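Visitor: I'd like to know how the labels on a model like this come about. Could you walk me through the reasoning?

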Amino acid sequence: MADCATASESPTIDHHLPSAVLATVLSHLDIRSLVFASATCRAFRTCASQALSFLPTFHLLDFALTVDFLRPLLLDNPCLRSIWMDCSRLDDEAIKYIAKPSLNELYLVNCENLSGKILSELGTRCPDLRTLTLNSLAGCKGVPISFSDLEQFLVGCSELESLSLPELDFSVFDWPNFHHIWSLASQKLSCLEIGYIPIIMLSQILTLAIEAQNPQIRIAKAPLFPSLQKLCLSVDYITDNLVGSISEALPLLTHLDLQDAPWVDPTPLSDLTNVGLQVINRHGKLKHVSLIRSQEFMFTSFKRVSDLGLLLMAQTCSNLESISLGGFSRVTDAGFRAVIHSCSRLCKLRVSHGNQLTDLVFHDISATSLSLTHVSLKWCNLLTDMGIKRLSFNKDLNVLDLRECRLLSDEAISALSLLPKLQVLLLDGTGVTDIGLSYLGQGSSPLKSLSLRGCKRLTNSCVELLLAGEVKSSLQTLDLSKIHNLTDEAVISLARSHVKITELRLRECTHIGDSSIMALASMMVQGGTHGSSLHLLDLYECGGITPLAFRWFKKPYFPRLRSLGVTGCLNRDMVDALARSRPFLRVSCRGEELGTAVWGASSDWCRQEDDNLDELEQFLLGGEEMIEDDDDANDGDVVEFIEV
């Protein structure tokens, strides 16, 4: 009994270290470090909350917090201006802590469990909000969102400059007055990005905007979207009438991103033709254009657009800086060349499903003044090594996407390996072999991200050959998924190379097993601890992995791991136990793709991850156990299993 009493009365850290000193120390840490510190014990959580109460920004996208963890961190901070956060573990209870009157910027991802209430609350409580991004809002089945939520938001946030609801289906707002509520939106709104919107609803909004420009009725009606410069949305069909109405209604537009996904082949009256492309830039201000016909529901394309259409567009859009074209099946090399040769400022070129695009597109690219930095040619199946060799004359290439260009082989890779600025290279489904990867390994390209998903001709030797040269010092992200020839030997070679890899994807590599996990867990990088560099590890459907491998995900192994993909049929109790012991680790069991895509729908085609080591992690990577406090015994919800 005496021993029990002594144990229960053992002094906590604030008994040895005055709270004022502790608070001073924590005030010098960054956001991630403060969150880590607040997870250790009650004394640290209190001091971390005090330090956070004076910070103007709270940017934390690395991992998701529960509402009980979030509450003390955001409770009292009148200075907070900007929040970036992962909401995958939050619901509507968290809204009262997020919607602060002082907010100017709010960026939330994985908002599936947040309802439309967040919009109405922001409209009520955040009158100075300038920028709002809500990804996957109300994405879970049964999570409500209503017309009144949107209306209250648009009325209340009168200073709004940017609104992004990229995955929201606006058909849920099908209401007689839907188009009229946009007249209540901020006159300062310059960027609007939304998900799917029925073309009838969009046409009503554009008609209202055109009417508001009429001098005879301008006094009676306030102008609609007078400052809008960027518009991104998805519709039923991209048509001539739609493109013409957008061009007429939005005179300041510089960025237009349209996508459709037809259920049936469009009729001549409900499709895009050469006429629509001719009027796409009526006011001459467009710098970024994206027109994509998705193959999501059926194999279809812009069958009524020919080379003439791109020639007409190139004549009126000579100031374009980026262009993205998907599904233009009738356009040949002549049409694409018209764009390349007419737009001297073009730096980003993206063509997908270019069925008639061949090597001739880049035949004389060296004679132009182009300085392309981002190029995507996904599913351009007629492109060969010769075309890529011509493209490689452009020495400013930074990002290159050649996914599913099946005729490409090692000769193209040899040319690309000499590009002095190439950082991101996607070769999924190409014919590259181990020899091609040896060219990359010995080349001069400072590659940071390389994707080889589904390259069937690769063997175990590819990893050793790739990492034998200078690329080892720069490579951070590697995707070896769906390469069925890979075995544990390849992963062991990677571990022995001591490459500072942060993201590794091995999805559906059926011969990868427990030995690979053991090798990665034991890998030492620049004197760090075991497996210290990995942030993301995707092992979904790796057939050789057994429940025994889970012991290697416990401390002190993989201390920086934030996302782990495994097969759902593995022992669920062990998965749950792992999540409880690693509160900041997201475990995905349903086959979801982890991380963010390199290529997005907007002009931000490539996002570089921040790989800086924060202050507290330098301590955690020493293998020390986190401090435990009996006062936190009831805080079990902080370490609940996270399932994306």
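Guide: Here we go through some ring pairs, a few buried residues and the nonpolar cores. Keep in mind that this is a predicted model.

Visitor: What makes the pair of phenylalanine 63 and phenylalanine 584 tilted?

Guide: Two values settle that one. The ring centres are 4.5 Å apart, inside the 6.5 Å limit, so the rings pair. The planes sit at 40°, which is neither under 30 degrees nor over 60, so the label is tilted. It's one of 14 aromatic pairs found in a search of the whole structure.

Visitor: Why is this pair said to tie together parts of the chain?

Guide: Look at where the two rings live. Phenylalanine 63 belongs to strand β1 (residues 57-64), while phenylalanine 584 is in the loop between α22 (572-581) and β20 (586-588), so the pair joins parts 521 residues apart in sequence.

Visitor: And how do you know whether phenylalanine 63 and phenylalanine 584 are buried or exposed?

Guide: The cut-off for buried is under 20% relative accessible area. Phenylalanine 63 has 2%, so it counts as buried. Phenylalanine 584 has 9%, so it is buried too.

Visitor: What kind of pair do tryptophan 263 and phenylalanine 297 form?

Guide: A stacked one, with 4.2 Å centre to centre and 10° between the planes. That angle is under 30 degrees, so stacked is the right word. Tryptophan 263 sits in the loop between β8 (255-260) and α13 (274-278), and phenylalanine 297 in the loop between β9 (288-293) and α14 (307-316), 34 residues apart.

Visitor: Why is tryptophan 263 called exposed, and why is phenylalanine 297 called partly exposed?

Guide: Tryptophan 263 has a relative accessible area of 65%, which is over 50%, so it's exposed. Phenylalanine 297 comes in at 39%, between the 20% and 50% limits, so it's partly exposed.

Visitor: Which residues do ring pairs link into a cluster?

Guide: Phe170, Phe173, Phe178, Trp182 and Phe225. Trp182 turns up again in the largest nonpolar core, which has 183 residues; Trp182 is among those with the most contacts inside it, along with Phe58, Leu108 and Leu137. Helix α11 (residues 199-212) gives this core its largest share, six residues. A second, separate core has six residues, including Ala37, Cys41, Ala43 and Phe44.

Visitor: What does leucine 137 touch?

Guide: Setting aside neighbours within four places in sequence, leucine 137 is in contact with Cys111, Leu114, Ser115, Ile118, Leu119, Ile145, Leu165 and Leu168.

Visitor: How do you know that arginine 582 is buried?

Guide: Its relative accessible area is 7%, which is under 20%, so buried it is. Arginine 582 lies in the loop between α22 and β20.

Visitor: What makes the approach of arginine 582 to the backbone oxygen of tyrosine 557 a polar contact?

Guide: A polar atom of the arginine 582 side chain lies 3.3 Å from that oxygen, so the pair is within the 3.5 Å limit. The side chain of arginine 582 also reaches the backbone oxygen of phenylalanine 558, at 2.4 Å.

Visitor: One last residue: why does isoleucine 31 count as buried?

Guide: Its relative accessibility is 12%, and that's under 20%, so the label fits. Isoleucine 31 lies in helix α4 (residues 31-38). Beyond four places in sequence, isoleucine 31 is in contact with Leu52, Leu55, Thr57, Phe58, His59 and Leu60. Isoleucine 31 and leucine 52 are 21 residues apart in sequence and 7.9 Å apart in space, C-alpha to C-alpha.

Notes. Residues numbered from 1 in each chain as written. Predicted model: local features only at pLDDT ≥ 70, side-chain atom pairs only at ≥ 80, totals over all residues. Heavy atoms only, no water. Phe/Tyr/Trp six-rings, centres within 6.5 Å; stacked < 30°, edge-to-face > 60°. Helix = DSSP H or I, 4+ residues; strand = E, 2+ residues; numbered from the N terminus. Buried < 20%, exposed > 50% of the residue type's maximum accessible area, 1.4 Å probe, protein only. Core = buried A, V, L, I, M, F, W, Y, C linked by side-chain atoms within 4.5 Å. Contact = heavy atoms within 4.5 Å. Polar contact = N/O pair within 3.5 Å; in protein donor to acceptor, adjacent residues only side chain to side chain.
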